[in-house]
Amino acid sequence: MQFFLCLQKCLDSALKILLKSSLFVVFHNEVSQPPTITQQSPKDYIVDPRENIVIQCEAKGKPPPSFSWTRNGTHFDIDKDAQVTMKPNSGTLVINIMNGGKAEAYEGVYQCTARNERGAAISNNIVVRPSRSPLWTKEKLEPNHVREGDSLVLHCRPPVGLPPPIIFWMDNGELPQSERVSQGLNGDLYFSNVQPEDTREDYICYARFNHTQTIQQKQPISVKVFSTKPVTERQPVLLTPTGSTSTKVELRGNVLLLECIAAGLPTPVIRWIKEGGELPANRTFFENFKKTLKIIDVSEADSGNYKCIARNALGSVHHVISVTVKAAPYWITAPRNLVLSPGEDGTLICRANGNPKPSISWLANGVPIAIAPEDPSRKVDGDTIIFSHVQERSSAVYQCNASNEYGYLLANAFVNVLAEPPRILTPANKLYQVIADSPALLDCAYFGSPKPEIEWFKGVKGSILRGNEYVFHDNGTLEIPVAQKNNAGTYTCVARNKLGKIQNEVQLEIKDPTMIIKQPEYKVIQRYGQVSFECIIKHDSTLLPTVTWLKDNDELFLVGKDNLTIMNVTDKDDGTYTCIVNTTLDSVSASAVLTVVGKNALKLLLLTRPNPPFDLELTGQLERSIDLSWLPGDENNSPITSFVIEFEDALHEPGVWRYQTEVPGSQTTAQLKLSPYVNYSFRVIAVNRIGRSQPSEPSEQYLTKSASPDENPANVQGIGSEPDNLVITWEPLKGFQSNGPGLQYKVSWRQKDVDDEWTSVIVANVSKYIVSGTPTFVPYEVKVQALNDLGYAPEPSEVIGHSGEDFPSSPSFLKITNPTLDSLTLEWGSPTHPNGVLTSYTLKFQPSKLNINIFWGSLILKNLNYSTRYKFYFNAQTSVGSGSQITEEAQNTFFLLLSLAMASRQVDIATQGWFIGLMCAVALLILILLIVCFIRRNKGGKYPVKEKEDAHADPEIQPMKEDDGTFGEYSDAEDHKPLKKGSRTPSDRTVKKEDSDDSLVDYGEGVNGQFNEDGSFIGQYSGKKEKEPAEGNESSEAPSPVNAMNSFV
């Protein structure tokens, strides 16, 4: 159906255009006209130096114009240059480069002049420049040695090309970019912080010159990242732009690009705001991971201060870019061609704006008007030329030049002085045919100088047409908005000026609309049966209709018959069948569904969906209600159970049908509730147990009166998107809920629990408003009230929202309690400034990292290594990210652990039976040894050891008089020294597990003072300090410190 309608409309339009074009050609060939430039090359014309240069200049005029050129302000004689030719009947230049010419030799500023006896038109100044793609200058690039976590900038510095090249970076393949690594607008590659995986030998910057389709590359750059432990986190620092402020000038209509790239660890996140205003909603885009702010089609209103803020968990930094939008000249009123008759007055107006404001200058036939031939009918008044009592010799082409420091505009406008009586270009007795109740447009194309006045008459001797029933267009067309049968007949168009009068008659016929009086109906048919659809039509007797059947709206099924019969139905025939009736003036269609069923569904052949209701009628029209009645269609052997009523709002949602209500099947009338300011149409759908009917034809329309809104927006919320704003959102009212024109919203807010007044703004029919400059994460009371041109909705209810979250401050405290040999308890306090809803805590200590999704203030850490000092890093998190860290170092030194261990083991061992038995055996052995010693002493014998001791007496040592086998006495000078302390905790209290390398040998005596993995010493205490064999250190059977201590008793 769409194809046939489109084909018909296209043929009609093509015929009209062809007719009008032929008339214009006839007219154009008879009337003199000054030249008009129709085509020219761009002002800044960059050409490929390998191809011929074509500088365009096309113009029209009567008689046809001749062409000439200037180059760099002087006449360009193309006949003296064998490489330059001009196209026939054209001003276009062709410079032959491919056969020996050099593009650089023809670089310059060109201007074309088209001239005939009525005046001269000029082109813009066309600056011709060949494109350039120079090579990179060779340079010695030193490798970049960078510490992990530091920032890095790899400079590209591409060669200056024309036009500028497109820059991209690669290594072995495409270089992936991210929030951490990205390319700046200047082509440099920025690393917010380097990681070990950034180590490469072949970072290469490429410059692609699209005009010459060439790519140049820079020498590879080497980056080597060396690691240091620990990697220090850093708060953000801006890599570009530098400083705290900068300026930017952009031209109106261009794309504004602002950039902020920051260094820091963790990688900073960038956000943008406009101070004292909002970023334009539909013209703002963020690129390069929000590092680039892009605003398209900028205007003077976009001037202002734009702030970029780089933030990570350690802090933030910002930069303010002061943007000034300047403007090259742009037209307010460009001069328009002027056709005058001798003795008439007229004006040429040339108005342009810009920043700074452009200056206006005039030329006549390409010559500055101050030195052009004088014309007594002409007076220049700034941006206007006033013509009084013009004569035929006043014909000329005038140029207006509007220029400022950012560019210029040049416009040609001719003044053509003609004395021409009226002419009507529409063919005589043209026949117009339209369908009743459709608009009729009767043409009366005309020309004359002075401009003729147009009048329309009904009939040859009828009275002049006036009144609201008709619309008179400036081009002479008469429009009848709703043509009826009584509008048919002859219409006369009269054109007159002081030089004459002419008239033309056209005929209007009004045709009856085409209608389908019996539509195809829904069918359910058994396989291999036969089915027929009917499409009975009524049409105007003078129009020849064609009937086309479609299956599923796209398959051409049958053409030319008003009924469709399908024999031997199969499952493939299941679908929707559409009857389309076309005439030369209108088209109508109707559809029905065919359902194919199997033998087991034979009962369905007798039970089908009902036919649609018809003859809908509206009565009892009131402001908020109306009565709808209808006649039911055939129920098709299954009683109608209900009627569904739907409505369309042609004012707000044309073509969209919404549910209104449902009534029982025994009811054929309904009183419907209405909303104000809705253009209602209704339709009815019948329902039985088989299914729903097709919708009825729509009822007539009923427009209700306007009123103030009955309800306010739903789902009002206040949630901040940034730390210093509150985004208030709501679900806008539907069109039919607006109750009247001019729907707006009153958005109100105030800080909760603070004695503040409500702040309110009126906004357009939108769904969001952003409140800027709020404190971080504070509660607000928010409400949104609807209003229209007739008043406000009822007072809305308030909801509680919160301004935006930020990174939390560090926890208020972190301390270690209850240390044991292999565990301890961490206790902490909530952040003083949570700045949002705390989502979790993060605990880091080497080699572990825990994300704690709990909110009570303590945590027990188990399975710790008692010989390691731990330093704990602890921070809180909101939805924005992690806040500042607080640190604490474990204070459970080895002595504490050791004393705890000894106490624990003494308690544990003393209660064991084997230990009691062992102690008894030891006591017995000691008793026996004492007895033996006593006996030996009584005998007066001496031990060799005793003799040696006597020979080498130490005055500080008072030996016991023991016989062989007894212990030497312990010396306080050596053996009673306290255990050596471990290395002290550094002043910054940062100890990591792998850094806790203060050898546990230091806790013992010499090289023998070592610990087993369970905390016991390797080696044993002796009465004298003697150097033991090295392999003695590796003994796994040395007594523990507990046993050694017990042996001292």
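1. An aromatic cluster is a convenient place to begin: F647, Y680 and F682 together make up one such cluster. The model is a predicted one, and every value quoted below is computed from it.

2. The count of aromatic pairs comes to 15. Among them, F76 and Y110 form an edge-to-face pair, with 5.8 Å from centre to centre and 75° between the planes. Because F76 lies in the loop between β6 (74-75) and β7 (84-86) while Y110 belongs to strand β9, this pair ties together parts that are 34 residues apart in sequence. F76 and Y110 are buried.

3. The rings of F387 and Y398 have centres 5.5 Å apart and planes at 65°, and since an angle over 60 degrees counts as edge-to-face, the pair is classed as edge-to-face. This pair links distant parts of the chain, with F387 in strand β35 (residues 384-387) and Y398 in strand β36, 11 residues apart. Both F387 and Y398 are buried.

4. Strand β36 (residues 396-404) also holds Q399, whose surroundings merit a closer reading. Is Q399 buried or exposed? Its relative accessibility is 0%, so Q399 counts as buried. Leaving out residues up to four places away in sequence, Q399 touches A120, A121, I122, S361, W362, L363, A364, N365, G366, L410, A411 and N412.

5. Two polar approaches involve the side chain of Q399. The side chain of Q399 reaches the backbone oxygen of A120 at 3.1 Å, and a polar atom of the Q399 side chain lies 2.8 Å from the backbone nitrogen of G366. Although Q399 and A120 are 279 residues apart along the chain, their C-alpha atoms are separated by 9.5 Å.

6. Turning to nonpolar packing, the largest nonpolar core contains 25 residues, of which I53, I55, W69, I95, Y110 and V128 touch the most other members. At least two residues of this core come from each of β2 (44-47), β3 (53-55), β4 (57-62), β5 (66-71), β8 (93-95), β9 (108-116) and β11 (126-130), and β9 gives the most, with 3 residues. Y110 thus appears in this core as well as in the edge-to-face pair with F76.

7. For I53, once neighbours within four places in sequence are set aside, the residues in contact are V47, L93, V94, I95, I97, A103, Y106 and V128. A second, separate core of 20 residues includes I626, W630, V684 and F736.

8. Two cis peptide bonds deserve inspection. One joins T240 and P241, with omega about -5°, and P241 lies in the loop between β20 (234-240) and β21 (245-251). Another runs from L265 to P266, with omega near 5°, and P266 is found in the loop between β23 (261-265) and β24 (269-274).

9. Positive phi values are worth checking as well. D437, which is not a glycine, has a positive phi of about 70°, and D437 lies in the loop between β39 (430-435) and β40 (440-442). D615, also not a glycine, has a positive phi of about 55°, but D615 lies in strand β56 (residues 614-619). D437 counts as exposed because its relative accessibility is 52%, and D615, at 52%, counts as exposed too.

10. Finally, there are charges placed over aromatic rings. The charged end of R252 sits over the ring of Y330, 3.6 Å from the ring centre, and the charged end of K290 sits over the ring of F286, 5.8 Å from the ring centre.

Technical notes. Residues are numbered from 1 along each chain as its sequence is written. This is a predicted model: local features need pLDDT of at least 70, side-chain atom pairs count only at pLDDT 80 or more; totals for chains, interfaces and linings use all residues. Side-chain values use heavy atoms; hydrogens and water are left out. Helices (H or I, at least four residues) and strands (E, at least two) are DSSP runs, numbered from the N terminus. Buried means under 20% relative accessible area, exposed over 50%, partly exposed in between (1.4 Å probe, protein chains only). Contact means heavy atoms within 4.5 Å. A polar contact is a pair of N or O atoms within 3.5 Å; within protein, one must be able to donate a hydrogen and the other to accept it, and residues adjacent in sequence count only if both atoms are side-chain atoms. A nonpolar core is a set of buried Ala, Val, Leu, Ile, Met, Phe, Trp, Tyr and Cys residues joined through side-chain atoms within 4.5 Å. Rings of Phe, Tyr and Trp (its six-membered ring) pair if their centres lie within 6.5 Å; planes under 30 degrees apart count as stacked, over 60 as edge-to-face and the rest as tilted. A charge sits over a ring if NZ of Lys or CZ of Arg is within 6 Å of the ring centre and within 35 degrees of the ring normal.
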